[in-house]
Amino acid sequence: MTDQEESTKSNKKSLKSLLPIFAFVLPYKKMLTGALMALLVTAAISLSLGQGVKLIIDDGFVAGSIEQLTNAIIVMVVLIALLAIGTFTRFYLMSWLGERVSADIRKRVFDQLVSLHPSYFEENRSGELMSRLTTDTTLLQSIIGSSFSMALRSALMLIGGLIMLLVTNFKLSLIVIGCVPIVLLPMMIFGKRVRSLSRKSQDSIADISTYAGEIIQNIKVVQSYTHESKEREAFSLEAENAFSVAKQRIKQRSILIAFAILLSYTAISVMLWIGGMDVLSGAITGGELAAFVFYAIMVAGSVATISEVYGELQRAAGSAERLLELMVVESEIKSPSDPVKLQNSSAAVIQFDNVSFNYPSRPNDAALQNINLTIKTGEVVALVGPSGAGKTTLFELLQRFYDPQKGHITFKDALITQLDPTVLRRQMGMVPQNPILFSADVWHNIRYGSPDADEVMVVNAAKRAHADDFVSALPDGYKSFLGEQGVRLSGGQKQRIALARAILKDPEVLLLDEATSALDAESEHHVQAALKELMSNRTTLIIAHRLSTVVHADRIVLMDKGEIVDIGNHQQLLEKSTLYQRLCELQFDHAEKSF
Ligand SMILES: Nc1ncnc2c1ncn2[C@@H]1O[C@H](COP(=O)(O)OP(=O)(O)O)[C@@H](O)[C@H]1O
Ligand SMILES: [Mg+2]
């Protein structure tokens, strides 16, 4: 009992969560009013059709008058035409609203997603966020566009139908009203099973496609480890699983259909039997009986529709809840309400003051500890240290993707928390360790940070990044499509595109996370030349893995386990730091020889 109470309570609560969605419908008041008017008109016409049936039978057939039959048919046809126009209007307007509102919600959710702090995406799987953006909004679209109007229409028909039943014949109405639960109960039970199974079925199809998607994306790894037969087996298991769920569903559905036919037609027959006896005894006319059957079917149909739509509304309520949850997440990296303006006076561009930081997902591991570092305008500073030392993290804090737990960072005399993040980031050009390319052409990829740049500027930037040669040699030159994540380029080529992007942006401060693993000697030569060009007269922070880079730096910052352990030039560090000596021997060895 308490269980049941609880479940009805939670249902009520969850249907409530659909209410905020109406805020998205309200801007389209005219469409909504039009749709509701059409809904009322069509419901009224549908109800009056029953009277038309009565007229045809009583005045036409029974009275034996051709003239009256013709008149009654003309009235019917006019009503039917009006019904068609009304239904067109209702269907068009409601579907329009559904599509419009779901597009608005989709845009709002995406707008929200791109402004969220990066750590949000570490805590939430991208697949789930995508499904909110697509599946949940699609469900809401079908609710607003069809289920909602179906429920409303059925409610009107139910009330109107019941009234007409009682008006037409009171005794028969009581019998019908008594019969409705007997007919509908088993149908509702099976209907519920079918719905829950079809949801399961959809989920298992989703599992299948996720699985296939991953395999297809990583096909080279699969084939190189000759894992094809294993993957085939695993996939076949998933597919069979989906089939057996579907099998259960179709069984329940077949039973449902059989029951529906058996019960509803039997009920109609019983009604015809009882009513027919009344017609024979002269208590009612044949037309009355026909109209009565018409309304009874209408009422039963409405109840069936409402019970079906109710389940859908509950599902949509879940979707609405998830979407609204997403819409109210506040970015942890916010622009201050009154951001300060950047000054160009100071000699120091960047200053780290006692900065300590740990990633939100690792509260007990300090990624950076007590970092104190001042970087002067125009300086080239190399960050050196073993993998995991916190070099990349330093860059991320500087761009304010995260806020440190202790200490603060200033940029040109302003605390970076007091600057508008977009203003701050516009001053910086970042070339990440794994250059990120978008599945578009070369133009789009180089222009990414400076959308207004013209073609000459883009080609110049590409030339300075030593990218022009290979780009021009691509089948479509700068119009060449680079594939997802730029799969159609080699590592070194991708990096030079990323460099061209940074050159075109022409930032105050350059942040280079030097990737060397992807480079052969030839492209390394090109990248080095491009870097030198880029660093001249520009404040540069470069995470260096190569001696050739390090020797060009004004200062070298040696990091280990989240701390700065030494600062100096190459010669000084070689003399006093064993860690630096070791790094030079291990990491820079190969570079030194080729240098
Ligand atoms: N997004 C993240 N969430 C949690 N821990 C991270 C994340 N990124 C890096 N780390 C951890 O922070 C430490 C510093 O990483 P990082 O700055 O990338 O090192 P480096 O660039 O010097 O190799 C490492 O221990 C790493 O595992
Ligand atoms: Mg790194």
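This report describes a sheet, two helices that pack on it, and the surroundings of ligand 1 in a predicted model.

## The sheet

Six strands make up an open sheet. Their order is S6-S7-S8-S3-S9-S10, and the pairing is mixed. In general, strands of a sheet pair through backbone hydrogen bonds, and they do this either parallel or antiparallel.

Two strands sit at the edges: S6, residues 428-431, and S10, residues 563-568. Each of these pairs on one side only. From one strand to the next, the twist averages 15°.

## A parallel pair

Look at S7 and S8. S7 covers residues 509-513, and S8 covers residues 539-543. The two run parallel, joined by five bridges. Within this pair, Leu512 stands opposite Ile542 in S8.

## Helices on the sheet

Helix H11 spans residues 391-398 and packs on the sheet. It touches S3 (380-384), S6, S7, S8 and S9 (555-560). The direction of H11 makes about 150° with that of S7.

Helix H20 spans residues 578-586. It lies across S3, S9 and S10. Its angle to S9 is about 95°.

## Around ligand 1

Which residues come nearest to ligand 1? Of the 13 residues around it, they are Tyr359, Ala367, Lys391, Thr392 and Thr393.

H11 returns here. This helix gives the largest share of the shell around ligand 1, with three residues. Sorted by class, the shell has seven polar, three nonpolar and three charged residues. H11 therefore has two roles in this picture: it packs on the sheet, with contacts counted within 7 Å, and it contributes to the shell around ligand 1.

Conventions:
Residues are numbered from 1 along each chain as its sequence is written. Chains are lettered from A and ligands numbered from 1 in the order in which they are written. This is a predicted model: local features need pLDDT of at least 70, side-chain atom pairs count only at pLDDT 80 or more; totals for chains, interfaces and linings use all residues. Two strands pair if DSSP finds at least two bridges between them. Helices (H or I, at least four residues) and strands (E, at least two) are DSSP runs, numbered from the N terminus. Axes are lines fitted to C-alpha atoms, for helices over the stretch in contact, and angles run from 0 to 180 degrees between N-to-C directions. A residue is near a molecule or strand if its C-beta atom, placed from the backbone, lies within 6 Å of it. Ala, Val, Leu, Ile, Met, Phe, Trp, Tyr, Cys and Pro count as nonpolar, Asp, Glu, Lys and Arg as charged, and the others, Gly among them, as polar.
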